[in-house]
Every structure is written in C-alpha cells, then in structure tokens.
Amino acid sequence: MESVMKTTYNPHSTILHEVVPVDLPFHAVIQLISLCNFKCNYCLQSDFSGSPLAQRFLKSHKGLMKFDDFKTVIDNFSAYIAQKCPGKKIKLLSLSGFGETLMHPDIIQMIKYTKQANIAEKIQIFSNGSLLTKQMSDNLVDAGLDILKISLQGINPDAYKKTCDFNIDWDVFISQLKYFYNNRKNCFLYLKVADVALNGEEDEKRFFELFSPFADNANIEHITGGNGVYYDPNTEEHRSVVRNELIDDTICNISFRLLELNMDGETWACARFDESGYKGPMIGNMLTTPFAEIWNVGVHGKFLKSTLEHNMQGNCKGCLYANFLSTNADILRGHEEEILERLNKF
Ligand SMILES: C[S@@+](CC[C@H](N)C(=O)[O-])C[C@H]1O[C@@H](n2cnc3c(N)ncnc32)[C@H](O)[C@@H]1O
Ligand code: SF4
Ligand code: SF4
C-alpha cells in the first residue's frame, strides 16, 4: 500500500525568501488546554504536572484558556487585519494544547467564533479522538472546522494501553472515526500515528490498510525526543517529524512564518519548548498588546534581524528545529540582505 508522506506542517507553498517579512504569520497555533486524558509515553504532557511550564499554567488558569481571553486574541487579530492588511488571512490557525483539545468545554464556540471572524483560511484542531462522539463530530463540522488531525496511538487496543495507558473501546473508537469521515462535509480528516506506537513494517502496512479507507490523508509521523523532551536536535537522529529529508539552511525561518500563543496570551515566534518553557523569543502578549505592536516590530523585529545577521543567541544558537519542520521552499540563506532591506521598512 502506498504511503502518503507529504508534509502537513507547512501550510504554504510559497517561496519564503521572496515574501518575508509577511503581514501575517502563515501558521498561528493557540494552545487552549494543558489537561489530558491520555499519557502518551513520548509526550511532554505525560510528566507535565511536574514541569515549571505546566505548574504556571495550572496555577493561573486551571489548565484552560478562558473563552473571553480567546475572543480577545481573535479580536486582536481582526483589528490588526482591518488596520494593516484588509482582506488578508492567516493561512492556517490551529487550536491545540499541551493536552487534549476536545476536553476544552468551549471548543465548539471557539471554532464558531474564529470562523465568523474570518481571519484564517483554514481552522484545524489536533485531537487524540477519544472524545469524538457522533454529536461532537456534527458540532465540529457545523461550527466550520476545516481540518481535523487525529493522533492515533497504535493499531489495536494493546498498543493503546502500551503507548498512552488508555483502555480504548476499539470498535466504538473506529466507528466514531468512520462517522466523522462519512459526515465531514468539507472538513479534511488527517489520521496520523506515532511511529513509536508501531512495531515494524507489518504494523506500518496494517496501519495504512486499516485507516486509509476512512481518511483524507493517513500518515506515520516520526516522534522526536522522549518523555519530557520536545524536538531535541542534539539527541535525535536527523529526521523530520514527517520523515522528510532535513533541509539544509543556516537561518531559522520559523519566526518569519509561525506564531504560537499559550493560555496566558503570551506569544512566541517559535513552537520549540520543553518542560522548562519555550526556547525561542517571547515577542509579546496578545491579551494586552495590539498585534500591530508585536509582529515584525519591537522584540520580533530585532529577533528577525539577528537571525538574518547570523547572530543567534541563547537557545537559538545551533538550534536545528527549523531544519526538521521546513521544506526547501523555506530556505532563506543567500537572501539575507534583500530581506533585511524589506524588514527595515517596517
Ligand atoms: C501535544 S498534542 C495535543 C493535541 C492532542 N492531544 C493530540 O494528541 O493530538 C499535539 C501533537 O503533538 C504530537 N507530539 C507530542 N509529543 C511529540 C513528540 N515528542 N514528537 C513529535 N510529536 C509529538 C502529538 O502526536 C500530537 O499530534
Ligand atoms: S500526545 Fe496528545 S493525547 Fe497524547 S499525552 Fe500528549 S497531549 Fe495527550
Ligand atoms: S532557532 Fe530554534 S529556538 Fe530559536 S526561534 Fe528558531 S526554532 Fe526557535
């Protein structure tokens, strides 16, 4: 069976050096929740309760982004677009978490609110799928969800028990996934499994046989790092999350195109983190600061310049995260001066 290995991490096919700095991030990720009903053995969430990052979230927000705060973030994007780039949209807006997205009680309202704001070409959520009842499926589709990414933890109940310590009712789970697929209207269903949850080539083959018939795309994704380690380039074999070739670039392109927000509204131009916190630059807070004072200016503007001047500091020194999560279209090396010139006009 043919496997589909195209990247789903870069929601653009643009030659990046021709367009940066961009008015809007291509991909914005809002982390809504830090609670989970699974304990995946490769995920930071499994020992999250002990990490300083989690303790801060759990203490201040009980693990959830408040709906009012979420609306403030979306309104902030809307005001920025109206002022700076009317008609433009974020290409992909992901609602996810350091936990299970469907456990957020306001998830349907959040999708509806984002859809109505019309600030994103596509809205996607990541989920482990365990709470995907038929009602939930209908609600997600009716709310206007564009992409549902389900992270699978194996190809049978034993693998689930082993990978995420969850007793899954297999028949119910599969019938719920099929229900979503059959009633998805225009929503794209992506089913991915962690490579560490499969046992050799037989399992890989079986995965595609089992799940391809009711997925718009099915894929095996490479898990980087282990428990408590997120994409650690120093300890991992050089393979991207989607098992593509690593790109060869000495300039980190991530901060030119990505935005990540946590439950406090704190905003990073980088998604790399471990249990002690984010590794890239914190560029502002979307709950308190207009996005026009965050994106491409201030801390963000200075950081972009330092990357183009090959002057990376701190955690960014020697970081290969961008090489894992990029394609050749994202390579910036060789175009530093022209990009700097455009950046200086901001
Ligand atoms: C942190 S989860 C949150 C959403 C939801 N609970 C889920 O599992 O899809 C988001 C994605 O990160 C992936 N992930 C978690 N730990 C990872 C690791 N060490 N390497 C690569 N991907 C990882 C998961 O497989 C999932 O697709
Ligand atoms: S990968 Fe998702 S489902 Fe698994 S422990 Fe992490 S947050 Fe929970
Ligand atoms: S160099 Fe690494 S840590 Fe720094 S912004 Fe880029 S991806 Fe993030």
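**Group meeting: a walk through the model**

Let's start with strand β1, where both faces are covered: His-27, Val-29 and Gln-31 on one side, and Ala-28 and Ile-30 on the other, are all buried. By buried I mean that 20 or more other C-beta atoms lie within 10 Å of the residue's own, while exposed means 12 or fewer, partly exposed is in between, and the C-beta atoms are placed from the backbone. Helices (H or I, at least four residues) and strands (E, at least two) are DSSP runs, numbered from the N terminus.

Before I go on, a word on what you are looking at. This is a predicted model, so local features need pLDDT of at least 70 and side-chain atom pairs count only at pLDDT 80 or more, while totals for chains, interfaces and linings use all residues. Residues are numbered from 1 along each chain as its sequence is written, and chains are lettered from A and ligands numbered from 1 in the order in which they are written.

Back to β1, then. In a regular strand the side chains alternate between the two faces of the sheet. Here 5 of the 5 residues of β1, residues 27-31, are buried, so the strand is largely enclosed by the rest of the structure. Which strands does β1 pair with? One is β2, residues 90-96, which runs parallel to β1 and is joined to it by 5 bridges; the other I'd like to show you is β7, residues 258-261, again parallel, over 4 bridges. Pairing here asks for at least two bridges found by DSSP between the strands. If you want to find the register on screen, look for Ala-28 with its bridge partner Leu-93 in β2, and for Ile-30 opposite Leu-261 in β7.

Now helix α3, residues 67-84. At 1.5 Å a residue, its 18 residues should span 26 Å, and the end C-alpha atoms are indeed 26 Å apart, which agrees. The expected span is 1.5 Å times one less than the number of residues. Its buried residues are Phe-70, Val-73, Asn-76, Phe-77, Tyr-80 and Ile-81. They cover an arc of only 130 degrees around the axis, which puts them on the same side of α3; the arc is that of the directions from the helix axis to the C-beta atoms. An α-helix has 3.6 residues a turn, so residues three or four places apart point the same way. Turn α3 over and you meet Asp-68, Ala-82 and Gln-83, which are exposed. And what do the buried residues of α3 pack against? They pack against β1, α4 (107-117) and β7, where a contact means C-beta atoms, placed from the backbone, within 7 Å.

Let me move on to helix α6, residues 157-164. Tyr-160, Thr-163 and Cys-164 are buried there. They cover an arc of only 80 degrees around the axis, which puts them on the same side of α6. The cover over these buried residues includes β5 (188-194). Just after α6, Asp-165 takes a positive phi of about 55 degrees.

Cys-164 brings us to the ligands. Around ligand 2 you will find Cys-36, Phe-38, Lys-39, Cys-40, Cys-43, Gln-45, Ser-46, Gly-99, Glu-100, Asn-128, Ser-151 and Cys-164. A residue is in such a shell if its C-beta atom, placed from the backbone, lies within 6 Å of the molecule. By class that shell has 5 nonpolar, 5 polar and 2 charged residues. Here Ala, Val, Leu, Ile, Met, Phe, Trp, Tyr, Cys and Pro count as nonpolar, Asp, Glu, Lys and Arg as charged, and the others, Gly among them, as polar.

For ligand 3, which of the 13 residues around it come nearest? Those are Cys-252, Cys-270, Gly-280, Cys-316 and Cys-319. The elements giving two or more residues to this shell are α9 (254-257) and α11 (321-324). The shell around ligand 3 divides into 8 nonpolar, 3 polar and 2 charged residues.

One more strand while we are here: β4, residues 147-152, has 5 of its 6 residues buried, so this strand too is largely enclosed by the rest of the structure. β4 pairs with β3, residues 120-127, in the parallel sense over 4 bridges, with Gln-124 opposite Ile-147.

Finally, the whole protein: there are 12 helices and 11 strands, and of the 346 residues, 41% count as buried. Among contacts between residues at least 6 apart in sequence, 75% join residues at least 24 apart.

How values were computed: Two residues are in contact if their C-beta atoms, placed from the backbone, lie within 7 Å.
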